[in-house]
Amino acid sequence: MASTTENPKYKVIGTRPIRHDGVDKVTGRAKYGSDIHPTGMIYGVLVRSPHAHAKLKSVDTSAAAKLPGVRAVVTHKDLREPGNTILELGEGAVNLKHLSNNCLAGDKVLYRGHPIAAVAADSIHIAEEAAALIKVEYELLPPVMDIREAMKPGAPLLHDDVFTDELGTKSTTASNVARHFRFEQGDLEAGFKNAAHIVEREFTTATVHQGYIEPHNATALYTADGHITVWTSTQGIFTTRQQVAELLDVAISKVKVVPMEIGGGFGGKIRVYLEPVAAALSRKSGLPVQLVMSRADVFESTGPTPGSYMKIKLGVDASGKLVAGEAYIAFEAGGYPGSPVGAAAMCVFSCYEIPNAKVDGFDVCVNRPQTSAYRAPGATQAAFAVETLVDELCEKLKLDPLEFRLKNAVKEGSRRVDGPVYPRIGMIETLDAAKNSEHWKTPLTGKHQGRGVATGFWFNAGLKSAASATVNPDGSVVLLEGSTDIGGSRAGLAMQLAETLGIPAEQIVPRVVDTDSIGYTDVTGGSRVTFATGHAAYQVGLEIQRQCCLRAAKIWEVEPATVSYQEGTIVGPAGKQFTFKELAAQITKTGEAIVAYAAVDPHGCGGAFATHVVDVEVDVDTGKVTVLRSTLVQDVGTAIHPAYVEGQMQGGVAQGIGWALNEEYFYDASGTMRNASFLDYRMPTSYDLPLLDTIIVEVPNPGHPFGVRGVGEVPIVPPPAALANAIYHATGVRMQTLPMSPPAVLKAILAKAAASNGKH
Amino acid sequence: MRDFEYEAPNSVADAVALLSRNGTARPLAGGTDLIDQIRVGRLKPDLLVDLKKVPELNVLELSASGLRLGAAVPCYKVYGHEGLVQAYAALADSARIIGGIQIQSRGSIGGNLCNSGPAADSTPSLIALGAVAVIAGPEGTREVPVENFCTGPGKNVLAAGEILVELKFPARPAISGSHYVRFIPRNEMDIAVVGVGTAVVLDAKKEKIVSARIALGAVGPTPIFAKSAGDALAGLPADETSLDKAAELARSHATPIDDMRGTKEFRIHVTGVLVRRSLQASIDRARS
């Protein structure tokens, strides 16, 4: 891996210490969601709709309730349904009516797998048997699975109370289109008039899932005094607390959420599914209840990322400068409104200076599970479309794809189509590093081999975080935080505190604690934790420095102003000094504990850019694509722990390759997903990927004390486009549909061969 | 998961008696398909009859008259048997790619056949190698060529109380080779979208094909014996033109459907591609 081995500016940052949670994870001691077993725990099973679209005529739970061993049965009536009210969750908001109905359906089921009722019993087998006794009467409705079908007037309607927000004005007739919005800048018509070349293409991408290994789970205990404890693996303990309190109709102080380790989230473990249901079952039974999804449940009923339909047009002048861009982007929302089409519309032209542009976005309900965030939500679909069009323009202009991108790249001061002007960013630096890479300089020689390149952008987020720390007498520091760790953030945060205090990372003891034990912290999402919670860790470090100086002044009986903190040493007048460890040993002997606390809401999260170079070989007789070599170049701001930065980059690329080549929700005409297992939903395994190379570029973010930019999301953005471009250069076929699975690629190759035979 | 009883007889007669007595009883060999089907509720047996302790089902015997493979012999023993790997290479090819190490340590070729999945990786190899199923039941013993064994997805000729005891293979001629290849979109953890097993016999000069058998998987409701494609090769030179001809004929045997694993047109095209590739590999093996 090409990367910084150490950052000369820092002592701890840029090194690769062993992660603090590593031993527990590699020895199997770490406790994930379903590893918790409170005394007396019983097991719950959900009854799910076998139909993609139906009215619920009746739900009869009486036979299930009578089965010996059954302790509680709940339906939609056991959750509060507060109507169309919006609950702000920090990163995003939810409509409580939709949330409540998505957890347990009220009058309608909107996708196959939609939960209708739940039963808890002494054993999972009794619960399964009881679930089979729940009688549901359905009035079947025609499902609408395809986004363009759903947008047509007269399409089957999912909701009678969803009215299109048409460019800010509420429509008066119900529609599957929840929202149509637009971003514009410049004069589009004039822009295209000045273009020497224009390309316009349509693109579709399939619904795909985050594919985390650990299924959703929740264990809840409602105690006689009205307190609810929820153990769950979630990206947001505080937002889970908020949603459970709303749906159980209890005060927020009555709910405590205890984070378990997470076996993958990628944005999919923010929305609650099981937590309110487990709590409702516990409230009825008085016992702790555990709910764990099967893999099929995870696929059929938890947030995939949207399939899309996009139509994009780009114009370029004779010199190779982009002059105009137009995008029509429609995203599947799933059963309830709220797809990340807004982010897609902001990202679609985010890598280039395009003076004249217009973007239309549509959020469309279809009979599929409600979509959730997935790693740079919306950006990957948009990049697939734009970056393959750019490749086509490069071909027309006979321009090197990296040179073309350098010529048009956004930089500090460039304005994005949705308004913001970029601060210092590293798009150009990633392109330069790609150009200078050994990979780029090594030509391909084999038959049916091709190289593709693509770039991508992701905003990253800031938001609210809290941290607190206590200095122990042995010189270690316990760091408490509320950001659940889905990507090595314990290490990244501990290192920022260690750097601030000038002590080794190993002396920090980072702990992710429950909602009663730390201040409000927004979700682990938007690549924000190392940035924002890191900011809190830094602030905590400064406060510890201050208190250390005061204590030393007290011990030395000198004026506090004469004492300073210098790289792990407390320095006083006349050569007096303590190392941090020496002072720590004095704390309890000389006064109160040293405890620091910080709550932050930092702005200035820097956007991230990445450039992907990928080589493929295509078996032209079967359409199978083999990835030969992959290099991701990414501006990470400052790499706190380079190994985990590389891990994020590799993980994003691996998921991007899966999205590109094989992953898709395959539905039959009745709206049943036919591949709801890891056998037929084909994520790449280690056999399908080469070593995924990374090149870390560091353009420090001026908005963070150590220059941190979020790193977790942008690596997934360019790979599908880069692969499409590589496939083109290997075979001469331009793929405009994801996934580029063997049947799709072979079909395109055979069609091209048939067309060229026809010409001769 | 359903509560069931478990019996482990140690003779064919006892196994047949147990299976005949209880209408919902299912035979258990490796259990790698069966347990999963019970767990998801597709099968609801009250009794499982474990066949692994019956000696006849554990036979693995290679002799001048051919190969005997007990129905419960796990895959790892198949590819771990040097003589078998030499003479019946297609079968070893199949055994090596059925599941991972854990499945191969437990799952058997006999079970793969009795599960009767259209995409079963071993069945095309069994057909290509001319294997015969030896079946025991309440009415005695009978033999069925493997190409006639499967009757539909998950369905076969076994009547109530009958079990597969062993697979019998004729001896392989001196200058012969066999091979199995499947197409999967990934490189592991996948199920055949098309599978092709071939076996060829060459003449003394290793130039002409004396005879060939070709079988297809995952392109119809059962594994398919593409007899005409193999027969057409008899007497032809072992060259590209001949293989193209067999590939084209094999395509005409394929009756696939569109599903989540591939489209009909894709499967038909790839059937021809894999028949060519597998025949070439069989010829190369016969020549080496």
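This passage describes the domains, two sheets, a helix pair and a chain contact of the structure. The model is predicted.

Chain A is assigned three stretches of domain. Domain 1 covers 22–30 + 462–600, domain 2 covers 34–142 + 228–278, and domain 3 covers 422–451 + 606–759. The C-alpha centres of domain 1 and domain 3 of chain A lie 39 Å apart. The two domains touch: 15 residues of domain 1 of chain A are in contact with 14 residues of domain 3 of chain A. On the domain 1 side, two elements of chain A give two or more residues each, α15 (489–501) and α16 (529–556). By class, this side of domain 1 has 4 nonpolar, 9 polar and 2 charged residues.

An open sheet of 7 strands was found in chain A. Its strand order is β3-β7-β1-β17-β14-β15-β16, and the pairing is mixed. The edges are held by β3 (70–75) and β16 (255–259) of chain A. Each has a single partner strand, so one side of each is left without a neighbour in the sheet. On average, and with direction ignored, neighbouring strands of this sheet are turned by 20° against each other. Within the sheet, β1 (residues 42–48) and β7 (residues 115–121) of chain A run antiparallel and are joined by 6 bridges. One residue pair illustrates the register: Gly44(A) has Ala120(A) in β7(A) as its bridge partner. Helix α8 (residues 275–285) of chain A lies across six strands of this chain, namely β1, β3, β7, β14 (217–222), β15 (228–232) and β17 (289–292). The helix runs at about 30° to β14(A).

A further open sheet of chain A has 4 strands, in the order β22-β30-β31-β32, again with mixed pairing. Its edge strands are β22 (449–458) and β32 (692–697) of chain A, each of which pairs on one side only. Here neighbouring strands are turned by 20° against each other on average, direction ignored. Strands β30 (residues 608–619) and β31 (residues 624–635) of chain A are antiparallel, with 10 bridges between them. Thr611(A) is bridged to Val633(A) in β31(A). Two helices pack on these strands. Helix α18 (residues 642–661) of chain A lies across β30, β31 and β32 of chain A, at about 130° to β32(A). Helix α19 (residues 719–731) of chain A touches β22, β30 and β31 of chain A. The direction of α19 makes about 160° with that of β22(A).

Helix packing was examined for α3 and α7 of chain A. Two packed helices are described by the angle between their axes and the distance between the axes. The axes of α3 (residues 96–103) and α7 (residues 237–248) of chain A come within 11 Å and cross at roughly 85°. That angle makes α3(A) roughly perpendicular to α7(A). From α3(A), the contact uses Leu96(A), Leu99(A), Ser100(A) and Cys103(A). These meet Gln243(A), Glu246(A) and Leu247(A) of α7(A). The residues of this contact divide into 4 nonpolar, 2 polar and 1 charged.

Chain B also meets chain A. In this interface, 18 residues of chain B are in contact with 19 residues of chain A. Helix α11 (residues 264–287) of chain B gives the most to the chain B side, with 4 residues. That side of chain B has 9 nonpolar, 4 polar and 5 charged residues.

Notes. Residues are numbered from 1 along each chain as its sequence is written. Chains are lettered from A and ligands numbered from 1 in the order in which they are written. This is a predicted model: local features need pLDDT of at least 70, side-chain atom pairs count only at pLDDT 80 or more; totals for chains, interfaces and linings use all residues. Axes are lines fitted to C-alpha atoms, for helices over the stretch in contact, and angles run from 0 to 180 degrees between N-to-C directions. Angles under 35 degrees count as roughly parallel, over 145 as roughly antiparallel, 65 to 115 as roughly perpendicular and the rest as oblique. Two residues are in contact if their C-beta atoms, placed from the backbone, lie within 7 Å. Ala, Val, Leu, Ile, Met, Phe, Trp, Tyr, Cys and Pro count as nonpolar, Asp, Glu, Lys and Arg as charged, and the others, Gly among them, as polar. Domain bounds come from an automatic or database domain assignment. Two strands pair if DSSP finds at least two bridges between them.
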